Amino acid sequence: MVTPPSPPDAITTHFLLNADHYTNPDWIPVETHRIFHRTWLYVGPIQQLKRGQVWSLTVAGLPIVITHTASGTFKAFHNLCPHRAALLCPQPGISSPKHM
C-alpha cells in the first residue's frame, strides 16, 4: 500500500486537500480503507429488491449479498463461503433463489 504524503501541520491547512488528493490514483486504496470500509454505504433503492430476492454486488471492493426476507427485513452478508472463500452468489445482480 502506498503511504500518502503528510499535509502541512498548520491548523489552517489541516482539513484542506490539495489537487493531488483528487487526481492521484495512489489515494484510492487509502480512501477505500479509511472511509468506505468504516461506514454504511448506499447501494440502491429498497424498492429495487422484492421480497425473496437476493442482490449480489461489490461495494468498495468487497463482495456482498443483500437479501429481502419474507418478513420484509433486509440483511447484508459477505458474499463468501466461510469454509472455502468461494463466492456464494457468483452472478452479479438481482435474482430469485429459485434462479440461482
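Colleague: Which residues does Leu-62 touch, leaving aside residues up to four places away in sequence?

Modeller: The general idea is to look for heavy atoms within 4.5 Å. Here, Leu-62 touches His-37 and Leu-57 once residues up to four places away in sequence are set aside. Keep in mind that this is a predicted model.

Colleague: Where is Leu-62 found, and is Leu-62 buried or exposed, or somewhere in between?

Modeller: Leu-62 is found in strand 2. For burial, you compare the relative accessibility with two limits: under 20% is buried and over 50% is exposed. Leu-62 comes out at 33%, so it counts as partly exposed. You can also check the distance to Asn-79, which is 17 residues apart from Leu-62 along the chain: their C-alpha atoms are separated by 8.3 Å.

Colleague: And what does strand 2 pair with?

Modeller: Strand 2, residues 62-68, pairs with strand 1 in the antiparallel sense, over six bridges. The two form a hairpin with two residues between the strands, and Ala-60 takes a positive phi near 55 degrees there. Across the pairing, Ser-56 of strand 1 stands opposite Val-65 in strand 2.

Colleague: How many bridges join strand 1 to strand 4?

Modeller: Three, and these strands also run antiparallel. Strand 4 covers residues 93-95, and Val-54 stands opposite Ser-95 in that strand.

Colleague: How should I picture the side chains along a strand?

Modeller: In a regular strand they alternate between the two faces of the sheet. As for cover in this case, strand 1 has five of its six residues buried.

Colleague: Why does Ser-56 count as buried?

Modeller: Use the limit again: buried means under 20%. Ser-56 has 6% relative accessibility, so it counts as buried.

Colleague: What joins the side chains of Ser-56 and Asn-79?

Modeller: A polar contact of 3.2 Å. Asn-79 is also on the list of residues that Ser-56 touches beyond four places in sequence, along with Ile-64, Cys-89, Gln-91, Pro-92 and Gly-93.

Colleague: Now zoom out. What pattern does the protein follow along the sequence?

Modeller: Read that way, the pattern is α-α-β-β-β-β, with two helices and four strands in the protein. Of its 100 residues, 23% are buried. The accessible surface comes to about 8,000 Å², and carbon and sulfur atoms account for 63% of that.

Colleague: What share of the contacts comes from residues 24 or more positions apart?

Modeller: Taking contacts with a separation of 6 or more, those residues account for 30%.

Definitions and conventions: Residues are numbered from 1 along each chain as its sequence is written. This is a predicted model: local features need pLDDT of at least 70, side-chain atom pairs count only at pLDDT 80 or more; totals for chains, interfaces and linings use all residues. Side-chain values use heavy atoms; hydrogens and water are left out. Buried means under 20% relative accessible area, exposed over 50%, partly exposed in between (1.4 Å probe, protein chains only). A polar contact is a pair of N or O atoms within 3.5 Å; within protein, one must be able to donate a hydrogen and the other to accept it, and residues adjacent in sequence count only if both atoms are side-chain atoms. Accessible areas come from the Shrake-Rupley method with a 1.4 Å probe; for residues, only the protein chains shown count as cover. Two strands pair if DSSP finds at least two bridges between them.
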